[in-house]
Amino acid sequence: MKRKAFVLFVPLLLLLYHSRAQGFHIGIKAGANLFKVDGQSFDQEFQFGYAVGAFSEINFTPHWGIQPEMMFNQTNYRTTSSFSSIYDVSGFDDVKGKLNYLSIPVLLSFRPLPFLSLLAGPQFGIMLNSDEHLVDNAHEAFKKGDVSVVGGAQLNLAKLKVGARYVASLNNINNIQNSEVNWKNHGWEVYAGFRIF
């Protein structure tokens with residue numbers, strides 16, 4: 001058992017040492033979300049929300065690396081005037097609400113130029129809390145997890161980071177029993193960040 005742990009531990013140390021030599025950075029970021037819940041019974045206009053959190057940069061070469069992040073993300077939504085007739089509930093027509101997620105994107109970073117990063121990869125979302133305006137309890141209406149794909153670009157201006165990305169859900173977040181309608185989060189994020197070290 002100790003030998004297996006050692007065999008796994010040594011390559012990890014070498015990888016961390018190599019990434020440290022190329023560049024390991026940590027920073028904070030904040031921005032705005034322009035999202036919507038796409039699907040039957042939801043207003044199709046994008047709604048503003050916000051995002052705040054931290055990021056790290058692990059550069060393996062001058063051009064390639066990964067950028068893991070941990071973000072608090074807010075998705076705002078609005079139901080249509082026919083929501084109650086579709087889902088057999090009353091009082092939830094034309095309702096504004098929000099979904100709050102802990103989002104963990106793990107993005108591959110390609111830098112064709114030192115000041116430009118192209119980012120793409122998966123994002124895993126865990127619902128932290130949500131309002132209770134939809135079907136008496138939003139946790140009954142929405143699934144607690146969301147898996148998305150992310151793609152975008154980022155400007156690296158010394159320690160300042162400015163970027164935009166598109167996020168699209170891969171899974172159905174509709175948790176209403178006996179419903180075959182797909183609901184998916186998607187939209188744009190714009191942000192600014194600051195590299196601490």
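In this predicted model, contacts between residues far apart in the sequence carry much of the count: of the contacts with a separation of 6 or more, 63% join residues 24 or more positions apart. The chain builds 3 helices and 8 strands, and reading along the sequence gives the order α-β-β-β-α-β-β-α-β-β-β. Out of 197 residues, 42% count as buried. On the outside, the protein exposes about 10700 Å², with carbon and sulfur atoms supplying 65% of that area.

What about the gaps? Rolling a probe the size of a water molecule over the atoms shows where empty space is left. Here the search turns up 2 cavities of 30 Å³ or more.

The largest cavity holds about 110 Å³ of space. Its lining is made of 13 residues, and those nearest the centre are Phe-35, Tyr-101, Ser-103, Gln-123 and Asp-146. Plenty of strands chip in: β3 (64–78), β4 (96–113), β5 (116–130), β6 (145–157), β7 (160–169) and β8 (184–195) each give at least two residues to this lining. Sorted by class, the lining comes out as 8 polar, 3 nonpolar and 2 charged residues.

The second largest cavity has a volume of about 40 Å³. Around it sit Lys-29, Gly-31, Ala-32, Asn-33, Ala-51, Met-71, Glu-189, Val-190 and Tyr-191. Two or more of these lining residues come from β1 (24–38), and likewise from β8. The top contributor is β1, with 4 residues. By class, this lining splits into 5 nonpolar, 2 polar and 2 charged residues. Strand β8 therefore turns up in both stories, as it also gives at least two residues to the lining of the largest cavity.

Cavities are closed off, whereas pockets are open. The largest pocket contains about 220 Å³ of space. It is lined by 16 residues, with Asn-59, Arg-111, Pro-114, Asn-156 and Lys-161 closest to its centre. The elements handing over two or more residues to this lining are β2 (47–59), β3 and β4. Of the elements, β4 gives the most, with 3 residues. As for chemistry, the pocket lining divides into 7 polar, 5 nonpolar and 4 charged residues. Strands β3 and β4 are thus on the list for the pocket, and both also appear among the strands that each supply at least two residues around the largest cavity.

Terms used:
Residues are numbered from 1 along each chain as its sequence is written. This is a predicted model: local features need pLDDT of at least 70, side-chain atom pairs count only at pLDDT 80 or more; totals for chains, interfaces and linings use all residues. Side-chain values use heavy atoms; hydrogens and water are left out. On a 1 Å grid over the protein atoms alone, a cavity is a set of points where a 1.4 Å probe fits but cannot get out, and a pocket is an open set with protein on both sides within 12 Å along at least five of seven lines; lining residues have an atom within 4 Å of a point. Grid points are joined across faces, edges and corners, and a volume is the space filled by probe spheres set on the points. Ala, Val, Leu, Ile, Met, Phe, Trp, Tyr, Cys and Pro count as nonpolar, Asp, Glu, Lys and Arg as charged, and the others, Gly among them, as polar. Buried means under 20% relative accessible area, exposed over 50%, partly exposed in between (1.4 Å probe, protein chains only). Contact means heavy atoms within 4.5 Å. Accessible areas come from the Shrake-Rupley method with a 1.4 Å probe; for residues, only the protein chains shown count as cover.
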